[in-house]
Amino acid sequence: MKRCPTFSRRGRAAAVLLAAAALAAALLAAARPAALVMRISYQKTGEVILTHAVRPGDQVAVTLTHSFEHIPWNEYYRVRQDGSFLLERIEVGGFGAGVPAEMDVPAYVGEDGLVHMDGINSVFPRFSWITSQINMKELLLNGEPILKFSEIPHHSFVTCEIATQRRLFSFG
């Protein structure tokens with residue numbers, strides 16, 4: 001059998017090792033679960049402001065002050081398996097311009113003095129905001145602040161979404 005003089009035994013071995021390594025990396029990547037990350041970015045440039053790991057079932061809260069009524073407004077979402085957000089509850093300091101007064105959900109005044117509207121169950125694939133350093137307060141994940149809106153330039157157009165990120169390795 002005649003061998004190709006330009007493809008030596010060492011070259012064949014290197015090619016086989018390279019192919020085996022590529023196959024092993026592909027199998028490892030396929031075996032590792034995808035991770036969900038919440039990403040906030042500027043709409044116009046796509047520049048990422050924040051990336052934070054999330055899991056289905058995590059609670060995301062947005063706290064703000066209503067721009068006209070100047071009352072507290074808190075929204076509570078649950079991260080869903082498909083990467084969307086499920087609005088579960090809104091808490092507001094009262095009713096007025098732009099505050100949903102007649103939602104068909106249970107509402108009560110809590111010990112904190114806020115009106116709680118529970119069981120909203122509206123799904124949002126992502127959020128698009130025009131930020132306010134005056135009215136928007138914090139973004140919380142499971143009760144812990146992960147972003148202060150005062151750190152973002154006033155009147156920035158931003159998007160908040162959940163993205164799937166493949167992991168090569170998983171620890172813990």
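Reader: Which residue of β2 does Met38 stand opposite?

Author: Here the partner sits in β2, and strands are DSSP runs of E with at least two residues, numbered from the N terminus. This is a predicted model, where local features need pLDDT of at least 70, side-chain atom pairs count only at pLDDT 80 or more, and totals for chains, interfaces and linings use all residues. Residues are numbered from 1 along each chain as its sequence is written, and side-chain values use heavy atoms, with hydrogens and water left out. The residue opposite Met38 is His52.

Reader: How many bridges join β1 and β2?

Author: Two strands count as paired if DSSP finds at least two bridges between them. Strand β2 covers residues 48-54, it runs antiparallel to β1, and the number of bridges is six.

Reader: Which residue in the turn of that hairpin has a positive phi?

Author: β1 and β2 form the hairpin, with five residues between them. The phi in question is about 80 degrees, and it belongs to Gly46.

Reader: What about the other partner, β11: which of its residues stands opposite Ile40?

Author: Strand β11 (residues 157-165) pairs with β1 in the antiparallel sense, over eight bridges. Opposite Ile40 you'll find Cys160.

Reader: Is β1 largely enclosed or exposed?

Author: Let's call a residue buried under 20% relative accessible area, exposed over 50%, and partly exposed in between (1.4 Å probe, protein chains only). Six of the eight residues of β1 (residues 35-42) are buried, so the strand is largely enclosed.

Reader: Which strand gives the most to the largest nonpolar core?

Author: A nonpolar core here is a set of buried Ala, Val, Leu, Ile, Met, Phe, Trp, Tyr and Cys residues joined through side-chain atoms within 4.5 Å. The largest one has 31 residues, and Met38, Val60, Phe85, Trp129, Leu139 and Phe149 have the most contacts inside it. With four residues, the top contributor is β5 (residues 85-92).

Reader: Which Phe is in contact with Trp129, besides Phe157?

Author: Contact means heavy atoms within 4.5 Å. Leaving aside neighbours within four places in sequence, Trp129 has partners including Gln43, Val62, Met136, Leu139 and Cys160. The Phe you're after is Phe149.

Reader: Why is the pair of Tyr77 and Phe124 edge-to-face?

Author: Rings of Phe, Tyr and Trp (its six-membered ring) pair if their centres lie within 6.5 Å; planes under 30 degrees apart are stacked, over 60 edge-to-face and the rest tilted. The structure holds seven such aromatic pairs. In this one the centres are 6.0 Å apart, and it is edge-to-face because the planes are at 80 degrees.

Reader: How many residues apart are Tyr77 and Phe124?

Author: Tyr77 is buried at 4% relative accessible area, whereas Phe124 is partly exposed at 30%. Tyr77 belongs to strand β4 (residues 72-79) and Phe124 to strand β7 (residues 115-124), and the separation is 47 residues.

Reader: And Phe85 with Phe127: what is the angle between the planes?

Author: Phe85 is buried at 0% relative accessibility, and Phe127 is buried too, at 7%. Phe85 lies in β5 and Phe127 in β8 (residues 126-130), so the pair ties together parts 42 residues apart in sequence. The pair is tilted, 4.5 Å centre to centre, with an angle of 40 degrees.

Reader: Which residue has its charged end over the ring of Tyr76?

Author: A charge sits over a ring if NZ of Lys or CZ of Arg is within 6 Å of the ring centre and within 35 degrees of the ring normal. Here the distance to the centre is 4.0 Å, and the residue is Arg89.
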